[in-house]
Amino acid sequence: MPEREWKGNTAGTTWMHRWLIRSLRVLPLRFVYAGVAVFVIPFCMLFAHKGYISMYHFFRRRLEQRPLRAFWNTYLNHCKFAQVIIDRFYIYGGGRFDFDIDNYDFYQRLAAGEKGFVILSAHIGNYEAAGYTLVAETKRFNALVYGGEAQTVMQNRQRILTQHNIRMIPIREDMSHLFAMSNALADGESVSIPADRIFGSPRHVECPLFGKAAKLPLGPFAIATQREVPVIAINVMKESAKKYHIYIKQLEAEEPTAKERAQDLARLYAQNLESTIKDYPTQWFNYYEFWDEN
């Protein structure tokens with residue numbers, strides 16, 4: 001499915017990223033948001049037509065919105081995505097946000113336990129912010145990340161995440177990241193895996209999502225069932241300029257075989273993803289044709 005592959009790297013050059021970090025130390029966030037919404041987003045929508053069309057199709061076909069509303073929500077989606085990117089660089093420069101956290105006690109029990117566990121994430125909201133908030137002092141947090149990210153982003157992630165006992169595991173073409181994740185779980189550590197995009201391996205599982213079959217990567221669900229570890233879904237959603245809400249939900253599959261449990265986990269994950277997107281429809285950053293519309 002090369003035509004549907006999503007690259008996932010942050011746009012811009014290294015000097016642009018460094019300039020943005022310095023600017024966010026002195027400029028109000030709302031001022032930067034407004035400038036991007038007025039001067040940058042219309043330009044991006046005009047020239048990044050494929051990303052714009054895929055989100056428009058989502059609002060029109062999956063949420064069944066009228067054309068004008070779907071177009072407006074597509075614009076708001078691009079604005080929200082820009083805000084999330086800006087927020088990341090704001091954090092890189094030392095900025096802080098407020099967080100409300102659901103089921104934090106449950107997460108802390110997992111983090112304090114001897115057994116490893118899997119965290120399933122998605123390209124909604126600002127999941128990266130969870131790494132700066134859900135700190136586990138006694139258990140290392142391993143995050144699977146796209147290896148082709150911009151240098152400035154990777155360097156700042158590494159700088160901040162290392163301070164919080166978090167290790168990044170880049171996705172590799174030789175699939176060595178699978179062994180790194182398996183070893184981490186065997187050592188009783190946590191592993192964070194994006195579960196809404198297919199990277200590398202074509203193995204997938206089909207689940208209903210917004211009324212149509214969607215292909216989700218099999219790997220995140222298979223590794224959890226093979227290692228027989230707890231599984232949670234974490235979504236970090238933007239509420240206002242300086243506030244996020246972290247939703248933590250346990251996913252439990254009780255099927256008799258590992259294959260059936262993996263499929264059941266995928267179904268539960270898709271249900272949780274759909275529910276969250278319905279609550280925050282402009283915060284799913286899905287800039288390629290996710291469903292097979294043929």
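This section describes the central sheet, the helices packed on it, the salt bridges and one buried helix residue of a predicted model.

Seven strands make up an open sheet. Their order is E1-E9-E8-E2-E5-E3-E4, and the pairing is mixed. Strand E1 (98–101) and strand E4 (166–170) occupy the edges. Each has a single partner strand, so one side of each lacks a neighbour in the sheet. Neighbouring strands are turned by 25° against each other on average, direction ignored. Strand E8 (residues 231–240) and strand E9 (residues 243–251) run antiparallel and are joined by nine bridges. Within this pair, Val236 stands opposite Ile246 in E9.

Two helices that pack on the sheet are described here. Helix H7 (residues 176–186) touches strand E2 (117–121), strand E3 (141–145), E4 and strand E5 (190–194). The direction of H7 makes about 150° with that of E4. Helix H9 (residues 258–279) touches E2, E8 and E9. The direction of H9 makes about 10° with that of E8. Strand E2 is thus listed among the contacts of H7 and among those of H9.

Side chains of opposite charge can pair when their charged atoms come close. A search of the whole structure returns six salt bridges. Three of them are set out below.

The side chains of Lys238 and Asp87 form a salt bridge, with an N to O distance of 2.7 Å. This pair links distant parts of the chain. Lys238 belongs to strand E8 and Asp87 to helix H4, and the two are 151 residues apart. Both partners fall under the 20% limit for buried residues. Lys238 has a relative accessible area of 3% and is therefore buried. Asp87 counts as buried because its relative accessibility is 0%.

Glu189 forms a salt bridge with Arg140. Their closest N and O atoms are 3.3 Å apart. Glu189 sits in the loop between H7 and E5, and Arg140 in the loop between E2 and E3, so the pair ties together parts 49 residues apart in sequence. Glu189 counts as buried at 13% relative accessibility. Arg140 is partly exposed, with a relative accessible area of 30%.

Arg267 forms a salt bridge with Asp264. The closest N and O atoms of this pair are 2.3 Å apart. Here both residues lie in helix H9. Arg267 and Asp264 are three residues apart, about one turn of the helix. Arg267 is partly exposed, its relative accessible area being 33%. Asp264 counts as buried, with a relative accessibility of 10%.

Helix H4 (residues 67–92) also holds Ile86. At 6% relative accessibility, Ile86 is under the 20% limit and so counts as buried. Which residues beyond four places away in sequence does Ile86 touch? The contacts are Leu24, Leu29, Val32, Tyr33 and Val36. One of these partners, Leu24, is 62 residues from Ile86 in sequence. The C-alpha atoms of Ile86 and Leu24 are 8.4 Å apart in space.

Conventions:
Residues are numbered from 1 along each chain as its sequence is written. This is a predicted model: local features need pLDDT of at least 70, side-chain atom pairs count only at pLDDT 80 or more; totals for chains, interfaces and linings use all residues. Side-chain values use heavy atoms; hydrogens and water are left out. Helices (H or I, at least four residues) and strands (E, at least two) are DSSP runs, numbered from the N terminus. Buried means under 20% relative accessible area, exposed over 50%, partly exposed in between (1.4 Å probe, protein chains only). Contact means heavy atoms within 4.5 Å. Two strands pair if DSSP finds at least two bridges between them. Axes are lines fitted to C-alpha atoms, for helices over the stretch in contact, and angles run from 0 to 180 degrees between N-to-C directions. A salt bridge is a side-chain nitrogen of Lys or Arg within 4 Å of a carboxyl oxygen of Asp or Glu.
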